[in-house]
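Here is a friendly round of questions on how the labels for this protein are earned. Have a look at the model, then read on.

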Amino acid sequence: MHITRQADKEDKEGACTRCAQTEIPAISVPRSAAFAAKCILTVFFAQSRSAMRFNETCNPSNPTNQRDSCPSIYKSCSIQVGDSCSWRLVILVLDLPGFGFISALTVASDGTRVVCTQSGIYTLPPTGLPTLLAGHITEAGFTDGQGGAARFHYLSGIAMDGDGNVIVADSDNHALHKVTRAGAVSTLVGNGQKGYMDGSGDAARFNQPQGIAVDEDGTIYVADCYNHCVRQVAPDDWAVSTLAGDGKAGAGFADGLGSSARFCDPTGLALDMDGDLIVADSNNNCIRRVTTAEGRVTTVAGNAAYDQGCADGEGATARFYAPKDMAVDGNSNILVADAHNYRIRMIAGAAACVTTVAGCDQLGKIDGTGASVCFLTPRVLALDERGRLIVADGNRCCLRVVEASLEPPRQLTAARELFLQVRARSLACTFLRLFSLRVGPTLSGCCLA
């Protein structure tokens, strides 16, 4: 574990240069005698079955303590204590080798993060420890049940309905499940066999369902990846129908209405502010839009007539390389995980102007701003209640946070108001516990208090 604490600007000799600073607005708190005398950073972590704890106590004027503990779990953070006793979280990386990778992510209306690994679903509340909601750390299967008794096989899509239930795409089981807030798992559609068939419940067939979205009426939309189409599931009888594309026609690229449209391995789905679907058409290297009223498909950005590439620009002049997932903010900007370009891109305005938010050609895990950032393979995106992007990066259990100041989606407005109220109270306190990072034996989470 690497903990880097940086000194006041006056203390040049004690400052550490191991991690680069990121231009993120600092949160200022009043200086108090108690706080100036001593800063305490407490880190809890657990490895396997043995939990360990250490306290690092340092004087802000001489922050030279550094610890390397728990070598199999990498964490990095940088906290700057300035003249006004301000702090900022420059980077937070959560990485647990051996747990596969984070394959799906969403944020609940109360700010709770709900994270899927390949065979388990976990909740990470804004404060507190992560909890296994359903499934298992590593054991795959196809079993409904309560909590840890349920089994999944490669979870690859997640969304929440209006009642707070989690809907997941169980890709290798070719099925969709509902998970209640109490962790009860039931299969909605599909029965573990791949295929292409509309119908209700277990009569329906999918082939590697991936991204999903749920609208305000409870209709579930599914990127049926290897059937190269977008399906929808009615909330009253779980009847599956094909909204756009044709699972019998195979892959292709064509705008059009309903079954005349063509996709090639659609992966991510997101609902825009008008209630239409934004689709990451991964192997066409394009972002598409599907109207939910009639299934009309248009291309928002990118052009499948050309090979993959990386170019900013408007609409068809932009280039992507295997975009995997999207998130839509409260101002209708589309954020794209451009996986094989190792970048986060943004599509804005009626002209669909594509720009690069962060990332570069270099593969890696380097933090910073803009083109100085290196990603491994950004696969999954979600916006939190503070307008930050949470990115699942690479083939390991790793989350990265992009401070972006975006407008949160409408369903997170209440969570944002709560965050602002809590932050206002924190700023009025004379003592601020800087940072508390807790890691459980199954997945890691953080608590800023």
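Q: What makes the five strands E25-E29-E28-E27-E26 an open sheet?
A: In this predicted model, the strands pair in that order in the antiparallel sense, and strand E25 (313-314) and strand E26 (323-328) are edge strands, each pairing on one side only. Strands here are DSSP runs of E with at least two residues, while helices are runs of H or I with at least four, numbered from the N terminus.

Q: Why are strand E27 and strand E28 called paired?
A: Two strands pair if DSSP finds at least two bridges between them. Strand E27 (residues 334-338) and strand E28 (residues 343-348) have five bridges, so they pair. Ile334 stands opposite Ile347 in E28.

Q: What makes the link from the side chain of Thr291 to the backbone nitrogen of Arg296 a polar contact?
A: The distance is 3.0 Å. A polar contact is a pair of N or O atoms within 3.5 Å, where one must be able to donate a hydrogen and the other to accept it; residues adjacent in sequence count only if both atoms are side-chain atoms. The pair therefore qualifies. Thr291 sits in the loop between strand E23 (286-290) and strand E24 (296-301).

Q: Which residues does Thr291 touch, not counting those up to four places away in sequence?
A: They are Leu243, Asp276 and Arg296, where contact means heavy atoms within 4.5 Å.

Q: What are the ground rules for numbering and confidence?
A: Residues are numbered from 1 along each chain as its sequence is written; side-chain values use heavy atoms, leaving out hydrogens and water. Local features need pLDDT of at least 70 and side-chain atom pairs 80 or more, whereas totals for chains, interfaces and linings use all residues.
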